[in-house]
Structure formats: structure tokens, C-alpha cells
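Ready for a few exercises in reading a structure? Open the model, try each task yourself, and then compare your steps with the solution.

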Amino acid sequence: MSEQREPVGVIGVGWVGLVTAACFAELGHPVVARDILAEKVAALSRGEVTIHEPGLEEMLRRNAERIAFTTDMSELLAGARLLFVCVDTPPTYSGDADLSRVRAVVEELPEGSDHVLIMKSTVPAGTGEAIRRDLPGLSYVSCPEFLKEGTAVEDFMHPDRVVIGADPGDEDAAAAVADLYEPLGEILHTDVSSAEMIKLASNAFLATKISFINEIANVCEEVGADVGEVARGMGLDERIGSSFLRAGIGYGGSCFPKDVTALKMLAGNTGYHFQLLTAVIEVNELQKRRVVGKLRAHLGSLLGKRIALLGLAFKPDTDDMREASSLVLAARLQGEGAEVVAFDPVASERAGELLEGVELTGSAMAALDGADAVVLVTEWREFAELDWADAANRMERALVVDGRNFLDPAALAAAGFEYEGIGRSASDRRISASSVARVQSTPRSLRP
Ligand SMILES: NC(=O)c1ccc[n+]([C@@H]2O[C@H](COP(=O)([O-])OP(=O)(O)OC[C@H]3O[C@@H](n4cnc5c(N)ncnc54)[C@H](O)[C@@H]3O)[C@@H](O)[C@H]2O)c1
């Protein structure tokens, strides 16, 4: 018989918390997971999974007997000594991270508690130090989370690195956390502030890479180069690496936008002006809007034009709509007087709460019916497999703006589409030279 593993407590059962709970249960630990939302806790206790994340539902089902969901803090405190804080840290109006939920958790801890608070939520450097100042007896460990939505379970179980930050006096607490992660991968031990900075700096660097390649894409359009080729050539240099060099319509999601801004503000609060991040943020905002210019170049005024958006979630394989590029795009298109129709394989319900005046359809094809153009916003695999020739016939005008450089321009041209990617002007030029594209891109109403 296997020995009883160390129980794990999880506070906040959202994307990070639920994956953390499921994965530690998978590793054999009894888990008590606490959230303040009674409805969410009730749903999870009934076995209903509240988010779309590949592999999560099966993992939760497999380990249902090891995980208890509760709203009750005392049940959590009685059930586990090691408490992972996974509450949300959204931006405030100032752009700083809102730490009110973290503070609420700290305030609920009884004085003299022998629990270990393990911070998984992304917090500004200095947060751990402040919490330890307020609760001098508390054991505190920073353990930032690096999982990506869409591959969260896989990322948790096979992390590139595990960062454990602890300050003098908390060596035993750090060792207890390291024991939990020992089966998973390489552990980097640091002090608390450095661990907090590693998380923010990592996200800011990835966002910078995205904005950089997006600017390169925009220049490629001016000079007739293909950003895909450029990125491939750059990525072969191992000092650069090939990941996060995909040009598109900008990053979104619950992490990059807020974490980049939070780091910029954190620096600003100390009197340091982080100029690079100001540019990263601005490039990202403008990149989403470039789609409107591309549509106008083909359609002229967008007033009364029916524009279909394929994909609404901020990335594929998730139903997370936080800071999704689709939100800005839909609003901008509506601002231009366009009629916006949209489809997402899993995010429609969440999107419906946020996208006022946007018609949501039950299938991709239904969104394309009678549309003057389609914008691919999220690269769901099923969109590559769509019957694009059929789509061309259904649309008023077979025009596609591929916001993720995801579709095959030649196949789209063969299907009768005018194709616009992001920084793919060289491939666009090759296509427009083909007679197929020229004949078939004629608006349907003008076709024989
Ligand atoms: N989502 C990601 O991909 C990701 C990746 C790495 C790090 N992070 C960071 O992890 C943290 C959590 O992110 P998320 O996306 O899981 O957030 P989320 O909004 O999906 O979940 C947060 C949960 O915490 C609950 N909560 C709030 N206050 C609480 C309290 N006092 N007690 C118990 N529960 C409480 C909320 O009800 C919610 O269910 C954030 O700091 C985020 O930046 C997120």
C-alpha cells in the first residue's frame, strides 16, 4: 500500500487553482480546494467542470475521491498545512495588480497559524515581503505558475522549470513545497522577490517577442517580405529560438496584458520608466486595429458590411475570453458601422456575455453565410479543415483576413478567396498572380 501523501490546500479554483487541484490529486495527494463562489463549488462538487481545458475533466473524474471542494475556510485549514493561493489578481484602474483577493485570503488566516502560504497568483515583486511583515509568524513561499491555457494540465505535469522562492527562516517550508514538485521537474530555488520577478519578467519577455515579430510583419508588408520565412530564419539561431515568433493580431488573455502593465507600473512606482514595455503594449493595441485597415483596403467603407469573426477565445483550446483580441476587433468593426457575426467552438457562451450586438452562430459555416469578409481571429484547428470552397460560395464576397497566419494562402486562393495575412505580403503576391484568385475573388453578386 502506498503511504498517505501530504495533503494540499488550494485557494481559488479558477484556471490555475482547478488545474493545481487536479494535478496534485493525480500525484496522489488529498486535496481540499476552496473558492468563495458557492455556485462554482457546488458545480465542481457535482462533477461539472467549470472551464474548458483539455484533459482536465478526465483527470478530475479519475481523482474525484481525492478532492474536496468547499467554500469553508475552516475546512481548508483543517484539511491541509500547505496552502496554494490561486486567486485572481486583475488590473486596477491604475494598471497595478489588484491584490485585494490576496489580502482577503491573508486576513482569513488565524494568528499563529502553522500553515504555509504558497503564492501561485501572479503578484508584484515585494508582495511576499509585505505579507510577511503583516504576519510575522507566517511561513511564506512564492511558487509562480507558468502554465498556459489550452495545455495547462500538460504544462503543470511537465513544467520547463519550477521556481520556489523563500526568504531566510522559511527553508523548511520551501523544502516541503519542493517535495511536492520533486516528481515533476527541475526546481530553481530563489528568494521571494526574485521568484516574483521571474514570473513578471517571463511574461513581459514573451509579450515583447510577440510585439517584436508583429512589427517585423508590418515592415514585411511594406517591403514585400514574408514574415513566416523571416521568423523561420530568425528562429534557427538558437540565441533567438523559434517560439513566440508567430505574427498575428496581437496577444490577449488573462495574463500577458495585465502582467506587462503590472510590471511597467511596478517599475514606474519606483521611479523607473520601463520604456520598452510602453512600446510593447502600444504595438499590441495597434496590431488588433490593423485588421480594420486591411478590410477597408478591400471593401472600402465597412458601413453595413457583414463581417464574420471565426474564433473568439483569446487562444484555441480554451473558452477564456479575458482580454481576447476579438473583443476589441468586434467593437472597432461595429464602430465602423459593420454588422458583426461570430462563431467559436467553445467560447460562445462566455463571449455572449461580453459582445453586445454581435450575432453568434452555431457553426462556422452559418457565420460565413452572406458575409462580405471573414476574419480568422483564433486558430482553432477545425477552421483549417473547413470546406473553404463551399464557404466561398456562401459568402457575399470571398475575402479572408487571416489574423493568425494559420490558413494556407494557396489553398484559400484555390478555393476562390482573396487572402490577406499578417506580414505575408510575399505569399499574397504569389497568389494574386494566379488567375484562379483573380477570377474567383469577384463578388458573388457579380459572378456569372
Ligand atoms: N490563467 C492562466 O493561464 C494563468 C497562468 C499563470 C498564472 N496565472 C495567475 O494565477 C492567478 C489566478 O489566475 P486564474 O486565471 O486561475 O484566475 P480565475 O479568475 O480563473 O480564478 C480565480 C478564482 O479565485 C476565486 N477567489 C477569489 N477570491 C477568493 C478567496 N478569497 N478565497 C477563495 N477563492 C477566491 C475566484 O472566485 C475564482 O474562482 C492570477 O494571479 C493569474 O495571473 C494565471
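Three exercises follow, each with a worked solution.

Before you start, note that this is a predicted model, in which local features need pLDDT of at least 70, side-chain atom pairs count only at pLDDT 80 or more, and totals for chains, interfaces and linings use all residues. Residues are numbered from 1 along each chain as its sequence is written, and side-chain values use heavy atoms, with hydrogens and water left out.

**Exercise 1. The ligand shell**

Task: find out how many residues surround the ligand, and which are the closest.

Solution.
- Step 1: Collect the residues with a heavy atom within 4 Å of the ligand. There are 27 of them, and the closest are Asp-35, Lys-40, Thr-89, Glu-149 and Lys-258.
- Step 2: Sort the shell by class. It has 11 nonpolar, six polar (Gly counts here) and 10 charged (Asp, Glu, Lys and Arg) residues.

**Exercise 2. Nitrogen atoms of the ligand**

Task: look for N or O atoms of the protein within 3.5 Å of a ligand nitrogen, the cut-off for a polar contact.

Solution.
- Step 1: Start with the side chain of Arg-34, where an N or O atom is 3.3 Å from a nitrogen of the ligand.
- Step 2: Go on to Ser-254, with a polar side-chain atom 3.5 Å from a ligand nitrogen.
- Step 3: Add Gly-12, which uses a backbone N or O atom, again at 3.5 Å from a nitrogen of the ligand.
- Step 4: Turn to coverage. On its own the ligand has 830 Å² of accessible area (Shrake-Rupley method, 1.4 Å probe), and the protein covers 93% of that.

**Exercise 3. Salt bridges**

Task: take the pairs Glu-221 with Arg-290 and Arg-397 with Glu-418, and work out which parts of the chain each one ties together.

Solution.
- Step 1: Apply the rule: a side-chain nitrogen of Lys or Arg within 4 Å of a carboxyl oxygen of Asp or Glu. The count comes to 31 salt bridges.
- Step 2: In the bridge between Glu-221 and Arg-290, the closest N and O atoms are 2.9 Å apart. Glu-221 sits in helix H9 and Arg-290 in helix H12, so the pair links parts 69 residues apart in sequence.
- Step 3: Arg-397 and Glu-418 meet at 2.8 Å, N to O. Arg-397 is in the loop between helix H17 and strand E13, and Glu-418 is in strand E14, so this pair ties together parts 21 residues apart in sequence.
- Step 4: Check accessibility, with buried meaning under 20% relative accessible area, exposed over 50%, and partly exposed in between (1.4 Å probe, protein chains only). Glu-221 is partly exposed at 22%, as is Arg-290 at 30%. Arg-397 is buried at 17%, and Glu-418 is buried at 13%.

Technical notes
Polar contact = N/O pair within 3.5 Å; in protein donor to acceptor, adjacent residues only side chain to side chain. Helix = DSSP H or I, 4+ residues; strand = E, 2+ residues; numbered from the N terminus.
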